[in-house]
Amino acid sequence: ELINAAIQSERSAIEEYNYVLATATELTNEDIDHIHEILNDEQDHIVILSRIYSRLIHEEFPNNGED
């Protein structure tokens, strides 16, 4: 459950950064580039955390999920 909460936290952060990009008119091009870099990092975190979450689920239910 903690991993799932961490994934949701990353998603919330992405939403907030996207909101900043859409609404903050005072940002410089350099600021925007930095925020895009941060967004990419957050997306990487989601991928990594999702892999961990998937592994934990498969360990908990090793005989399920196969066709």
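**Exercise 1. Determine how far apart Arg 55 and Glu 59 lie in terms of helical turns, and describe their pairing.**

Step 1. Arg 55 and Glu 59 both belong to helix α2 and are four residues apart, so about one helical turn separates them. Helices here are DSSP runs of H or I with at least four residues, strands are runs of E with at least two, and numbering starts from the N terminus.

Step 2. The model is predicted: local features need pLDDT of at least 70, side-chain atom pairs count only at pLDDT 80 or more, and totals for chains, interfaces and linings use all residues. Residues are numbered from 1 along each chain as its sequence is written, and side-chain values use heavy atoms, with hydrogens and water left out.

Step 3. Side chains of opposite charge can pair when their charged atoms come close. A salt bridge requires a side-chain nitrogen of Lys or Arg within 4 Å of a carboxyl oxygen of Asp or Glu. Arg 55 and Glu 59 form one, with their closest N and O atoms 2.7 Å apart.

Step 4. A search of the whole structure finds one salt bridge. Arg 55 has a relative accessible area of 44% and is therefore partly exposed; the classes are buried under 20%, exposed over 50% and partly exposed in between, with a 1.4 Å probe and protein chains only.

**Exercise 2. Check the span of α2 against its number of residues.**

Step 1. The expected span of a helix is 1.5 Å times one less than its number of residues.

Step 2. For the 32 residues of α2 this gives 46 Å, and the end C-alpha atoms are 46 Å apart, so the two values agree.

Step 3. A pair within the chain can be set beside this: Asn 29 and His 58, 29 residues apart in sequence, have C-alpha atoms 44 Å apart. Asn 29 is in helix α2 and, at 64% relative accessible area, is exposed.

**Exercise 3. Identify the largest nonpolar core and the helices that supply it.**

Step 1. A nonpolar core is a set of buried Ala, Val, Leu, Ile, Met, Phe, Trp, Tyr and Cys residues joined through side-chain atoms within 4.5 Å.

Step 2. The largest such core consists of six residues: Ile 7, Ile 14, Ile 35, Leu 39, Ile 46 and Leu 49. At least two of its residues come from each of α1 (2–23) and α2 (29–60). The largest share, four residues, is supplied by α2.

Step 3. In α2 the buried residues are Ile 35, Leu 39, Glu 42, Ile 46 and Leu 49, and they pack against α1.

Step 4. Contact means heavy atoms within 4.5 Å. Neighbours within four places in sequence aside, Leu 39 touches Ile 14, Tyr 17, Asn 18 and Leu 21.

Step 5. Asn 18 lies in α1 and is partly exposed at 39% relative accessibility. Its C-alpha atom is 8.9 Å from that of His 36, 18 residues away along the chain. Asn 40, in α2, is partly exposed at 44%, and its C-alpha atom is 9.0 Å from that of Ile 14, 26 residues away along the chain.

**Exercise 4. Describe the overall shape of the chain.**

Step 1. The chain has two helices and zero strands.

Step 2. Its C-alpha trace spans about 55 × 20 × 15 Å along the principal axes.

Step 3. The radius of gyration, taken over C-alpha atoms, is compared with a globule rule of 2.2 Å times the number of residues to the power 0.38. A compact globule of 67 residues would have a value near 11 Å, but the chain has 16 Å.

Step 4. Of the 67 residues, 15% are buried. Among contacts with a separation of 6 or more, 64% join residues 24 or more positions apart.
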